[in-house]
Amino acid sequence: MTLRRLRQLVWAPAVMMTAGACLATQQDLRVVQGDVVAVRDEFRRLQSAERTRDSLRAVSLDSALAQIALLLRATNDTVRGISTTVIRLRGDVREDLQNVRAQLIAIQELTGQSQRRIQELRADLESDAIEKSTAPIAGAPIGRDTARAPAPATPGPAQLYQMGQDQLRRGSGASARSAFSALLAQYPRSDLAADALYGMAEAFTAEGNAAAADSAYGQVVARYSNSDRAPTALYKRATALRVAGKGDSARELYRQIIQRYPRSEAAVLSEQFVGSPQRP
Amino acid sequence: MSHVSSWSRGILVTVIGMTLTIATVPCRLHAQEPGVRIGLTYAPGMQPGVYLLPVGGADGDSVRLIIARDLEFGHRLTVISPDADRGAPTGRLNYPLYARLGAAGVVQVVLQADGSALVTLHDVVAAQAQETRRFALPGPRLSPAWRLAVHGIADVIEEWVTGTRGIAATRVLFVRSGALWQIDSDGANEQPVPGVGAALGPAWHPDGRSIAFARMRDDGTSVVVHELASGEERRVRTGAPLSLSPAFSPDGKWLAFAAGESGTDLYVVPVGAWEESPLRVTVGRGSTNAQPTFAPDGRRIAFTSSRLGRNEIYLTDADGANPELLTSTALTDAPYRADPAWSPDGRFVAFSTQIDGRFQIATISLRDRAVRQYTTEGINEDPSWAPDGRHLVFTSSRTGTRQLWVLDIESGRVRQLTRGAPARMGAWSPRLLSVP
């Protein structure tokens with residue numbers, strides 16, 4: 001068997017099959033061609049439909065995206081607006097708070113000043129009242145009874161407190177103490193009682209009697225713990241201990257001030273003595 | 001008619017009052033003898049005549065001129081000073097003659113060969129020498145130290161006559177062109193403080209040997225304590241970008257100052273313990289609290305605060321307790337008050353107050369809060385007390401430029417202290433000589 005012989009053997013069936021195909025009918029060919037065209041049309045139609053769907057979807061997506069973008073922009077604007085409003089509001093609130101704080105401080109200061117003035121006015125009023133009570137009644141017939149001198153009236157609490165303050169300012173501790181002491185004895189329920197006791201302590205301090213001053217400050221805290229004088233009195237006691245070198249005892253009192261009277265100025269001042277040293 | 005009679009009654013009352021005063025008030029010019037004394041008296045408001053005899057020697061005229069001027073500036077004595085060419089008297093003094101000239105005392109200064117001065121005060125009424133003392137005059141002649149010693153003589157003479165030491169042997173620190181300067185109380189020896197440079201708000205230590213001031217830095221100000229003799233400096237460590245307006249306590253143991261950033265509070269630190277943490281004195285909550293000045297007993301501090309929204313003067317205990325408003329009078333006006341200075345006698349706080357848009361010098365009584373205004377002309381501020389509690393140095397623009405002036409609060413008289421380039425922020429020293 002040569003190679004040429006082998007090739008002849010292979011080609012023979014192929015030629016036979018081709019000849020067989022040529023023998024298929026024309027009708028069959030047309031059917032196949034029709035099928036092919038139908039398939040192609042169907043394919044085109046499907047393609048076209050798909051394309052239409054895609055573009056519709058794209059339009060729809062674009063529209064949705066545009067809408068979303070619009071919404072986002074609007075939301076962004078709203079957020080920005082809200083943010084600006086919040087910032088402005090925060091600024092306003094902060095400013096208002098600062099104003100309120102400043103006004104509070106001013107009110108506190110003015111209250112202090114007013115209290116002093118009111119105190120002086122009260123003392124004046126009491127003085128006037130005493131003068132009226134001791135003066136003879138106008139228009140009354142001058143007889144043996146009316147000519148008799150009226151009983152001397154005692155000064156009121158405001159007057160006594162004013163006297164004590166004046167004496168303290170003049171540096172006369174003993175006189176100041178006697179005025180404050182009279183107030184405490186005669187008007188123990190007066191709203192000036194805590195101030196009078198504090199004044200006693202101040203007078204002792206002015207006289208150099210530290211032990212008596214400490215005792216009086218202690219009484220202010222014990223008897224009038226809700227008064228404005230209490231934190232200051234406690235602060236005075238703590239400071240006296242600190243100056244005397246009793247650091248631990250002083251720190252304990254400073255802590256008490258911070259715990260019991262956290263809003264007081266004494267508490268703010270006490271903070272520097274209980275924790276780490278504060279720099280300005 | 002009634003006017004005449006009341007006027008006559010007034011004169012009569014005055015004469016009787018003066019007679020009684022002369023008879024009852026102890027006389028300092030007389031020798032201290034027991035029993036009844038009759039003679040001239042010194043009382044506030046009176047200015048006894050003192051005859052200042054010519055002084056011999058090369059520097060005699062300078063000595064006499066300095067003493068005469070010091071006594072005049074003290075406002076307690078009337079100086080009767082004859083022409084220098086009369087020469088120094090020799091032999092016994094003619095007391096009746098001086099009495100006729102209106103002198104209650106005669107001051108005799110004799111310069112000694114060793115450079116010292118022998119000073120005698122003669123009592124004209126008693127016709128005898130009352131006081132005699134020798135004073136050393138350190139060389140070189142006419143130097144600042146020599147002049148200071150002569151000022152010391154004037155102060156002692158004033159004390160002999162009135163009982164109150166004079167204020168001539170003092171100096172005033174001030175700020176000129178941003179630098180720290182000093183000047184003698186009589187306006188002599190105007191010169192920069194060596195080694196200090198730029199400074200603000202100077203203050204004297206009570207011993208007169210060191211000063212404190214605020215120094216400008218690139219990032220704020222710091223408080224510096226400066227030894228005058230050695231030039232040694234210590235910066236007070238506050239940790240705050242702004243530290244200013246230092247003031248020493250009268251016992252010299254504490255230094256108060258303002259420190260902070262957006263607002264300032266007052267702090268105190270022990271003198272010498274500059275590394276220690278300062279103690280807080282005020283709770284300003286963001287307001288400005290500055291310009292501390294101690295009471296003479298050191299127990300209270302006056303300071304400026306804006307905690308009410310406008311500057312006012314406040315008082316507080318030195319430990320920070322009991323802060324109170326000192327100066328506010330009405331809520332309707334909106335004045336600005338600053339520069340508090342507590343008087344050495346403790347009775348007043350001097351301050352600057354805005355009146356019709358201009359600052360004026362005023363004092364407020366610590367006893368009854370009565371305010372008294374002393375100036376009206378120009379802008380007047382920065383009061384600082386002399387050690388006698390009677391004189392104030394202050395800045396005034398009354399001549400067109402800011403200069404230092406001295407005010408006598410009893411008589412209201414003023415004199416110009418500095419001249420030339422503008423000067424401000426005067427700080428009066430303590431007495432710089434410890435004459436026994």
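Author: Helices here are DSSP runs of H or I with at least four residues, numbered from the N terminus. With that in hand, we can place Ala201(A) in helix 6 of chain A. Please keep in mind that this is a predicted model.

Reader: Happy to start there. Is Ala201(A) buried or exposed, and why?

Author: The test is a count of neighbours: a residue is buried if 20 or more other C-beta atoms lie within 10 Å of its own. Ala201(A) has 26 other C-beta atoms within 10 Å, so it is buried.

Reader: Which residues is Ala201(A) in contact with, leaving aside its neighbours within four places in sequence?

Author: Those contacts are Ala213(A), Ala216(A), Tyr217(A), Val220(A) and Ala233(A). For a sense of distance along the chain, Gln186(A) is 15 residues apart from Ala201(A) in sequence, and the two C-alpha atoms are 18 Å apart in space.

Reader: Let's turn to helix 7. How do I read which side of a helix is covered?

Author: The general idea is that an α-helix has 3.6 residues a turn, so residues three or four places apart point the same way. Now the case at hand: in helix 7 of chain A, the buried residues are Ala213(A), Ala216(A), Tyr217(A), Val220(A) and Val221(A). Because they cover an arc of only 145 degrees around the axis, they sit on the same side of helix 7 of chain A. On the face turned away from that buried side you will find the exposed residues Ala211(A) and Ala222(A).

Reader: What do the buried residues of helix 7 of chain A pack against?

Author: They pack against helix 6 (193-206) and helix 8 (229-243) of chain A. As for its dimensions, helix 7 spans residues 210-223, and its 14 residues reach 20 Å from first C-alpha to last, close to the 20 Å expected at 1.5 Å a residue.

Reader: On to the other chain. How many helices and strands are there in chain B?

Author: Chain B has 4 helices and 29 strands. Of its 436 residues, 45% are buried.

Reader: With that many strands, how should I follow the pairing around strand 22 of chain B?

Author: Take its partners in turn. Strand 21 (residues 337-342) of chain B pairs with strand 22 in the antiparallel sense over 4 bridges, and Trp342(B) stands opposite Val349(B). These two strands form a hairpin with 5 residues between them, where Gly346(B) in the turn has a positive phi of about 80 degrees. Strand 23 (residues 358-365) of chain B also pairs with strand 22 in the antiparallel sense, over 8 bridges; here the bridge partner of Val349(B) is Ile364(B). This hairpin has 2 residues between its strands, and Asp356(B) in the turn has a positive phi of about 55 degrees. Strand 22 (residues 348-355) is mostly covered, with 6 of its 8 residues buried.

Reader: And what is the strand order in the open sheet of 4 strands in chain B?

Author: The order is 17-18-19-20, with antiparallel pairing. Strand 17 (289-294) and strand 20 (324-325) of chain B are the edge strands, each pairing on one side only. Strand 19 (residues 312-317) and strand 20 of chain B are joined by 2 bridges, and Tyr314(B) has Leu325(B) as its bridge partner.

Reader: Which backbone angles deserve a second look?

Author: Most residues other than glycine have a negative phi, and most peptide bonds are trans. Against that background, Ser245(B) has a positive phi of about 45 degrees although it is not a glycine. Ser245(B) is in strand 13 (residues 242-248) of chain B and counts as buried, with 26 C-beta neighbours inside 10 Å. Asn322(B) has a positive phi near 55 degrees; Asn322(B) lies in the loop between strand 19 and strand 20 of chain B and is partly exposed, with 17 other C-beta atoms within 10 Å. The peptide bond from Gly139(B) to Pro140(B) is cis, with omega near -5 degrees, and Pro140(B) is in the loop between strand 5 (128-135) and helix 4 (144-162) of chain B.

Reader: Last topic: which residues touch the most other members of the largest nonpolar core?

Author: In soluble globular proteins, nonpolar side chains tend to be buried together. In this model, the largest nonpolar core has 106 residues, and Ile157(B) and Val349(B) touch the most other members. Helix 4 of chain B gives the largest share of this core, 9 residues. Apart from that core lies another, of 41 residues, among them Tyr198(A), Phe204(A), Ala213(A) and Ala216(A).

Methods: Residues numbered from 1 in each chain as written. Chains lettered and ligands numbered in written order. Predicted model: local features only at pLDDT ≥ 70, side-chain atom pairs only at ≥ 80, totals over all residues. Expected span 1.5 Å × (residues − 1). Buried ≥ 20, exposed ≤ 12 C-beta atoms within 10 Å, placed from the backbone. Arc of directions from axis to C-beta. Contact = placed C-beta atoms within 7 Å. Pairing = 2+ DSSP bridges. Core = buried A, V, L, I, M, F, W, Y, C linked by C-beta atoms within 7 Å.
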